[in-house]
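Q: Could you take me through this model feature by feature? I would like the general idea each time, then the case at hand.

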Amino acid sequence: MKKLALSIFTFWITGMLLAQVPGAITLNPPDLSAGLPVMKALSLRASATEFDTAMLKISNLSNLLWAADGINRAESGKRTAPSAMNAQDVDVYVVMKTGAFLYDAKLHVLKPIALGDHRKTVAGMQVNMANAPVFCVLVSDISRFSRGQDSLKLIWAAEDAGIISQNISVFCASAGLATRPRATMDVDKLRGILKLKSSQYLMLNHPVSYKK
């Protein structure tokens with residue numbers, strides 16, 4: 001009963017906050033019964049070379065983002081992906097035809113960052129990737145680490161981004177979606193589009209689509 005009351009309260013608060021964020025996209029609660037068993041998903045995990053152009057359903061997008069780095073323990077705010085010192089340094093940005101968004105794991109919503117289609121900027125030199133309907137862009141803010149030299153923080157950032165990348169890959173295999181981890185992107189231009197601070201580093205990106 002307490003968990004039910006907490007869930008109702010959380011969704012009520014989320015709705016109130018969303019009213020203050022014009023253009024935000026409300027995501028569905030994650031479907032914890034969806035997808036294949038983890039061992040089967042691992043057996044199917046592969047890096048796609050072709051991507052379908054059809055936009056993902058909101059249910060697929062919602063599950064994808066929660067699996068990537070959503071909150072799976074509401075009482076502590078901890079995530080589906082671990083991070084060094086629980087710094088939760090990695091943010092997931094979503095780039096689609098309609099614009100670029102930031103995934104807010106606490107509210108489980110997408111907050112608008114920039115209008116317009118910036119997928120070619122994420123695709124970079126690999127222009128054939130730009131037709132994927134969704135790109136998940138992983139950005140680490142190393143200022144969230146409470147100690148350590150920047151050189152060490154960047155190692156932790158790479159490790160944390162790698163874990164989220166694998167979450168995305170395994171989820172996509174489980175859900176019958178196509179993806180691949182990529183480091184290629186137009187970093188300088190994308191930094192401006194996403195309005196990144198000097199402490200934020202572009203780490204990896206994942207084009208995601210239905211299988212072609």
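A: Start with the surface. The chain exposes about 11000 Å², and carbon and sulfur atoms supply 59% of that area. Keep in mind that this is a predicted model.

Q: What percentage of the residues counts as buried?

A: Of the 212 residues, 45% count as buried.

Q: How many helices and strands does the chain have?

A: The chain has six helices and nine strands. As for contacts, take those with a separation of 6 or more: 70% of them join residues 24 or more positions apart.

Q: Let us take one helix. What should the twelve residues of α3 span, and how far apart are its end C-alpha atoms?

A: Use the rise of 1.5 Å a residue. Helix α3, residues 58–69, should then span 16 Å. Its end C-alpha atoms lie 17 Å apart, which agrees.

Q: Is α3 mostly covered or mostly open?

A: Mostly covered: ten of its twelve residues are buried. Among them are Leu61, Leu64, Leu65 and Trp66. Polar residues are on the list too, including Asn60, Ser62, Asn63 and Asp69.

Q: What is the general idea behind a nonpolar core?

A: In soluble globular proteins, nonpolar side chains tend to be buried together. Here the largest nonpolar core has 35 residues. Leu64, Leu65 and Leu110 have the most contacts inside this core.

Q: Which elements give two or more residues to this core?

A: They are α3, β4, β5 (99–104), β7, α5 and β9 (200–210). Helix α5 gives the largest share, seven residues.

Q: Which residues does Leu65 touch, leaving out those up to four places away in sequence?

A: Leu65 touches Leu27, Gly70, Val92, Val94, Tyr103, Leu110 and Cys136. Leu110 is itself one of the residues with the most contacts inside the largest core.

Q: How many residues does the second, separate core have?

A: The second core has 21 residues. Met129, Val139, Ala178 and Leu190 are among them.

Q: Now the charges. What is the general idea of a salt bridge?

A: Side chains of opposite charge can pair when their charged atoms come close. The cut-off is 4 Å between a side-chain nitrogen of Lys or Arg and a carboxyl oxygen of Asp or Glu. By this rule the count comes to six salt bridges.

Q: Where do Asp91 and Arg144 sit in the chain?

A: Asp91 is in strand β4 (residues 90–96). Arg144 is in the loop between β7 (134–141) and α5 (150–175). The two are 53 residues apart, and the pair links distant parts of the chain. Their side chains meet in a salt bridge at 2.8 Å, N to O.

Q: Are Asp91 and Arg144 buried or partly exposed?

A: Asp91 has 13% relative accessibility, so it counts as buried. Arg144, at 33%, counts as partly exposed.

Q: Which residue forms a salt bridge with Arg144 at 3.8 Å?

A: That residue is Asp141. Asp141 is buried, with a relative accessible area of 2%. A network of salt bridges links Asp91, Asp141, Arg144 and Lys197.

Q: Which residue meets the side chain of Asp117 in a salt bridge?

A: Arg119 does, at 2.8 Å, N to O. Asp117 is partly exposed, with a relative accessible area of 40%. Arg119 counts as buried, at 13%.

Q: What about a polar contact to the backbone? What does the side chain of Ser174 reach?

A: Ser174 is in helix α5. Its side chain reaches the backbone nitrogen of Leu36 at 2.6 Å. Ser174 also touches Gly35 and Ala41. At 14% relative accessibility, Ser174 counts as buried.

Q: Last, the end of the chain. Where is Lys211 placed?

A: Lys211 is in the segment after β9. Lys211 is exposed, with a relative accessible area of 52%. Sequence and space can be compared here: Lys211 and Glu50 are 161 residues apart in sequence, and 8.0 Å apart in space, C-alpha to C-alpha. Lys211 also has contacts with Gly176, Leu177 and Ala178. Ala178 is one of the residues of the second core.

How values were computed. Residues numbered from 1 in each chain as written. Predicted model: local features only at pLDDT ≥ 70, side-chain atom pairs only at ≥ 80, totals over all residues. Heavy atoms only, no water. Helix = DSSP H or I, 4+ residues; strand = E, 2+ residues; numbered from the N terminus. Expected span 1.5 Å × (residues − 1). Buried < 20%, exposed > 50% of the residue type's maximum accessible area, 1.4 Å probe, protein only. Core = buried A, V, L, I, M, F, W, Y, C linked by side-chain atoms within 4.5 Å. Contact = heavy atoms within 4.5 Å. Polar contact = N/O pair within 3.5 Å; in protein donor to acceptor, adjacent residues only side chain to side chain. Areas by Shrake-Rupley, 256 points an atom, 1.4 Å probe, with all protein chains shown as cover.
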